[in-house]
Number of protein chains: 2
Amino acid sequence: MEDQPRWLTDEEMEAWLALVSMLIKLPQALDGQLQRDAGISHFEYQVLAGLSMSAGRTIRMSELAQLADGSLSRLSHVVSRLEKRGWVRRCTDPDDGRYTLAVLTDDGWQKVVETAPGHVATVRECVIEPLTKAQIRQLRDIGRRITDAADPGGTCPG
Amino acid sequence: MEDQPRWLTDEEMEAWLALVSMLIKLPQALDGQLQRDAGISHFEYQVLAGLSMSAGRTIRMSELAQLADGSLSRLSHVVSRLEKRGWVRRCTDPDDGRYTLAVLTDDGWQKVVETAPGHVATVRECVIEPLTKAQIRQLRDIGRRITDAADPGGTCPG
DNA sequence: CTCATTTACTTGAAGCGTCAAGTAAAGTGA
DNA sequence: TCACTTTACTTGACGCTTCAAGTAAATGAG
């Protein structure tokens with residue numbers, strides 16, 4: 001990749017190690033709380049939450065995949081499971097038969113309403129409260145820059 | 001969790017969404033590069049790198065698990081695979097038969113030497129270079145605070 | 001010295017994500 | 001209008017992680 005691989009300085013290494021730990025521990029904390037209290041994964045929550053915020057609680061699979069930061073294939077599997085649990089229905093888009101519309105059922109809406117407060121509390125506890133207001137702005141900027149660098153041009157999901 | 005769930009402000013939500021995207025995209029980028037160029041996962045790299053930095057290229061499983069931020073069970077499975085590929089050996093600690101020592105073989109050392117430059121380059125590209133020097137320090141502090149909040153007291157691995 | 005407990009690790013089954021391959025509808029060119 | 005391509009999604013197999021249960025060595029109580 002480079003002839004002379006530039007190693008990391010001490011400062012860079014400290015930041016990198018702190019980031020790696022966060023990358024492991026934070027998803028565990030988020031998934032753990034949702035799994036214990038609601039029996040769903042963080043990704044499933046993102047799917048339900050994305051649906052709940054869509055007009056008519058309905059959205060195309062491909063748009064939902066982007067909202068929830070996942071591949072279409074992953075979403076398809078997850079929606080199948082959510083369908084079995086009665087929280088989501090699928091139907092073909094009448095305007096264009098290639099699209100599939102995911103629809104949040106009343107039970108699914110209820111599930112989001114029940115689950116959201118606990119999830120938000122965990123996010124506050126793990127992310128918002130440990131940081132100062134300035135750090136929250138810093139985090140937004142840092143997060144965006146790293147995301148752009150890691151995924152230049154926002155993925156074409158497979 | 002709270003009677004009156006405090007929702008997130010716009011600033012908090014922006015930071016949170018940026019963080020969630022980073023949480024998805026960065027591991028994908030890191031795993032992707034290592035998988036393509038070296039045929040190993042990021043976790044496997046962390047295990048090999050942890051071993052390569054240990055005295056005598058030898059370390060107890062439980063210490064290695066903490067170094068690599070993973071459960072003992074996960075590590076055990078991964079070391080089994082690395083053993084099959086000839087990069088790691090296991091032996092019982094002569095001082096205390098309950099401990100297992102993982103030892104990096106010469107082939108394993110060679111693998112780390114081959115793989116490290118490309119991995120470091122990806123870390124530079126995705127994390128270090130997109131940020132200013134100030135942001136790198138901010139990231140270290142933010143990462144530590146979030147990790148502490150998400151995992152109060154540094155896990156007892158299962 | 002013996003039995004129970006603790007510690008450190010291993011193992012097998014179950015579930016989720018990814019990848020490659022497949023299907024079906026819509027668009028395109030002759 | 002008939003094939004060819006593209007788009008949107010689904011499906012099945014495989015690999016990895018987690019969880020629960022198990023093993024084996026060391027420690028501790030009586």
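The following legends describe three close-up views of a predicted model. Residues are numbered from 1 along each chain as its sequence is written, with chains lettered from A in the order in which they are written. Local features need pLDDT of at least 70, and hydrogens and water are left out of side-chain values, which use heavy atoms.

**View 1. Helix H1 of chain A and the residue after it.** Helices are DSSP runs (H or I, at least four residues) numbered from the N terminus. H1(A) covers residues 10–38, and its end C-alpha atoms lie 42 Å apart. This agrees with the expected span of 42 Å, because its 29 residues are taken at 1.5 Å a residue (1.5 Å times one less than the number of residues). Gly39(A), which follows H1(A), has a positive phi near 70°.

**View 2. The relation between chains A and B.** A turn of 180° with a shift of 0.0 Å along the axis lays chain A on chain B with an RMSD of 0.1 Å (least-squares superposition on C-alpha atoms of residues with pLDDT of at least 70 in both copies). This is the relation of a two-fold axis. In chain A, the C-alpha nearest the axis belongs to Leu23(A), at 3.1 Å.

**View 3. Packing of H6(A) against H1(B).** Helix H6 (residues 133–150) of chain A and helix H1 (residues 10–38) of chain B pack at about 35°, their axes 8 Å apart (axes are lines fitted to C-alpha atoms over the stretch in contact; angles run from 0 to 180 degrees between N-to-C directions). Contact (heavy atoms within 4.5 Å) involves residues including Ile136(A), Arg140(A) and Gly143(A) of H6(A) and Ala15(B), Met22(B) and Lys25(B) of H1(B).

Methods
Predicted model: local features only at pLDDT ≥ 70, side-chain atom pairs only at ≥ 80, totals over all residues. Helix = DSSP H or I, 4+ residues; strand = E, 2+ residues; numbered from the N terminus.
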